[in-house]
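These are my notebook entries on one chain, written down in the order in which I looked things up. I kept to a few places and tried to follow each of them through to its neighbours.

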Amino acid sequence: MTKRSTLTAGIALTGVAALALTGCAGTSDDASGSSDASGDRAVKIAVFNGWDEGIAASELWKAILEDKGYDVELEYADPAAVYTGISKENYDLTLDTWLPLTHADYMETYGDELVDLGAWNDEAKLTIAVNEDAPIDSLSELAENADLFDNKLVGIEAGSGLVTVTQDEVIPGYGLEDMDFVVSSTPAMLAELQSKTDAGENVAVTLWRPHWAYNAFPLKDLEDPEGLLGDAEGIHTVTSTSFADEFSEVNGWLADFKMPSETLYSLEDAMFSDGGSDDYTDVVQQWISDNQEYVDSLTS
């Protein structure tokens, strides 16, 4: 899973590979009176290119922290660069570490140079999803019904964790070698999902939870009786070793951060399903206003 995407107006798709957002600087004065916010530099949050849950959580915390008087920068990069950067203290943190499986190698590689603040969502899962009214419910039924899906399974980017586990584990494990596994991009996968949904046809795609597509489309996950896609994971906040000392107040807030999937879906829907703009400032501010009690609880 190296890239993910958003829907534009009319569900036309734009690739998130072009994302290179930098958070607008806030004031250097601390509205809450914290000494943390009067430091000499911004909080630098690293965001994985195209991982929508991480983009959403990062944009939310950018808005929250700027309201508290912090300067915040969002810097987009692929996971390898993010963990290298955090270990070298070029970034302060990332909000999108999947454990204990997806990003375990990075945690093992950098070890003492990273600090895990724990999971803010514990319902992350790699999936193979089909339309809700598809005539099968399990991956064990897919091979014998492949013709009902145009003999095609639609994937995302080559080299992504989801594509790798699908190629190496799911396809041989469930006898899907005769199906055409289309590997292209997340935007292409979502476009196929949209096209098939509009036509009322069956479709099978690689997907993951949490993802706003589960709100945007009538989908169901195929059961994985062999457990080849892995167990549910947690989405963790990981920081540099110096972050707690430099930004102790923020570190405490992030250590306590929890966001249920339904709340996350709501934010992702607001950010990604209706427009093509990469500037989420107004959308996030409106979502905060609509969910003020929850947002206030994150820094209480």
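**Entry 1: a buried tyrosine and its ring partner**

I began with Tyr-294, which has a relative accessible area of 19% and is buried, since the cut-off for that word is under 20%. I note here that the model I am reading is a predicted one. Next I looked for a ring beside this tyrosine, and found that Tyr-294 forms an aromatic pair with Trp-287, with 6.3 Å from centre to centre and 80° between the planes, an arrangement that is edge-to-face. Trp-287 is buried too, with a relative accessible area of 4%.

**Entry 2: the helix that carries Trp-287**

I then asked myself which residues of helix H1 meet Trp-287 and its companions in helix H10. On the H1 side I listed Glu-59, Leu-60 and Ala-63, and on the H10 side Val-284, Gln-285, Trp-287 and Ile-288. In general, two packed helices are described by the angle between their axes and the distance between the axes. For H1, which covers residues 52–67, and H10, which covers residues 281–290, the angle is about 75° and the axes are 10 Å apart. I therefore wrote H1 down as roughly perpendicular to H10. Sorting the residues of this contact by character, I noted 5 nonpolar, 1 polar and 1 charged.

**Entry 3: more aromatic rings**

How many aromatic pairs does the structure hold? I found 11 of them in the list, and I picked out Tyr-70 with Trp-253, whose ring centres are 6.4 Å apart and whose planes stand at 80°, so this pair is edge-to-face. The two residues lie in distant parts of the chain, 183 residues apart, with Tyr-70 in the loop between H1 and strand E4 and Trp-253 in helix H8, which spans residues 248–256. I checked whether they are buried or exposed: Tyr-70 counts as buried at 1% relative accessibility, and Trp-253 counts as buried at 10%. I also recorded one aromatic cluster, which is formed by Phe-48, Trp-51, Tyr-83, Trp-98 and Tyr-106.

**Entry 4: strand E11 and its two partners**

Why can strand E11 be called largely enclosed by the rest of the structure? I went through residues 233–239 and found that 7 of the 7 are buried, which is the reason for that description. In a regular strand the side chains alternate between the two faces of the sheet. In E11, I saw Glu-233, Ile-235, Thr-237 and Thr-239 pointing one way, while Gly-234, His-236 and Val-238 point the other way, and all are buried. I then looked for the strands that pair with E11. Strand E5, residues 93–99, runs antiparallel to E11 and is joined to it by 5 bridges, and in this pairing His-236 is the bridge partner of Thr-97. Strand E6, residues 115–131, also pairs with E11 in the antiparallel sense, over 5 bridges, and here Ile-235 stands opposite Asn-121.

**Entry 5: following strand E6 onward**

From E11 I moved along E6 to look for further pairings. E6 pairs with strand E9, residues 204–209, in the antiparallel sense over 6 bridges, and Thr-206 of E9 stands opposite Ile-128. E6 pairs as well with strand E10, residues 219–221, again antiparallel, over 3 bridges, where Leu-219 is the bridge partner of Asn-131.

**Entry 6: a lysine in strand E10**

I stopped at Lys-220, which is found in E10, and asked whether it is buried or exposed. At 18% relative accessibility, Lys-220 counts as buried. Leaving aside its neighbours within four places in sequence, I listed its contacts as Ile-128, Ala-129, Val-130, Asn-131, Glu-132, Ala-134, Ile-136 and Asp-137. The C-alpha atoms of Lys-220 and Asp-137 are separated by 8.1 Å, although the two residues are 83 residues apart along the chain.

**Entry 7: the whole chain**

Last, I looked up the totals. The chain has 11 helices and 11 strands, and 53% of its 300 residues count as buried. Among the contacts with a separation of 6 or more, 82% are between residues 24 or more positions apart.

How values were computed. Residues are numbered from 1 along each chain as its sequence is written. This is a predicted model: local features need pLDDT of at least 70, side-chain atom pairs count only at pLDDT 80 or more; totals for chains, interfaces and linings use all residues. Side-chain values use heavy atoms; hydrogens and water are left out. Buried means under 20% relative accessible area, exposed over 50%, partly exposed in between (1.4 Å probe, protein chains only). Helices (H or I, at least four residues) and strands (E, at least two) are DSSP runs, numbered from the N terminus. Two strands pair if DSSP finds at least two bridges between them. Axes are lines fitted to C-alpha atoms, for helices over the stretch in contact, and angles run from 0 to 180 degrees between N-to-C directions. Angles under 35 degrees count as roughly parallel, over 145 as roughly antiparallel, 65 to 115 as roughly perpendicular and the rest as oblique. Contact means heavy atoms within 4.5 Å. Ala, Val, Leu, Ile, Met, Phe, Trp, Tyr, Cys and Pro count as nonpolar, Asp, Glu, Lys and Arg as charged, and the others, Gly among them, as polar. Rings of Phe, Tyr and Trp (its six-membered ring) pair if their centres lie within 6.5 Å; planes under 30 degrees apart count as stacked, over 60 as edge-to-face and the rest as tilted.
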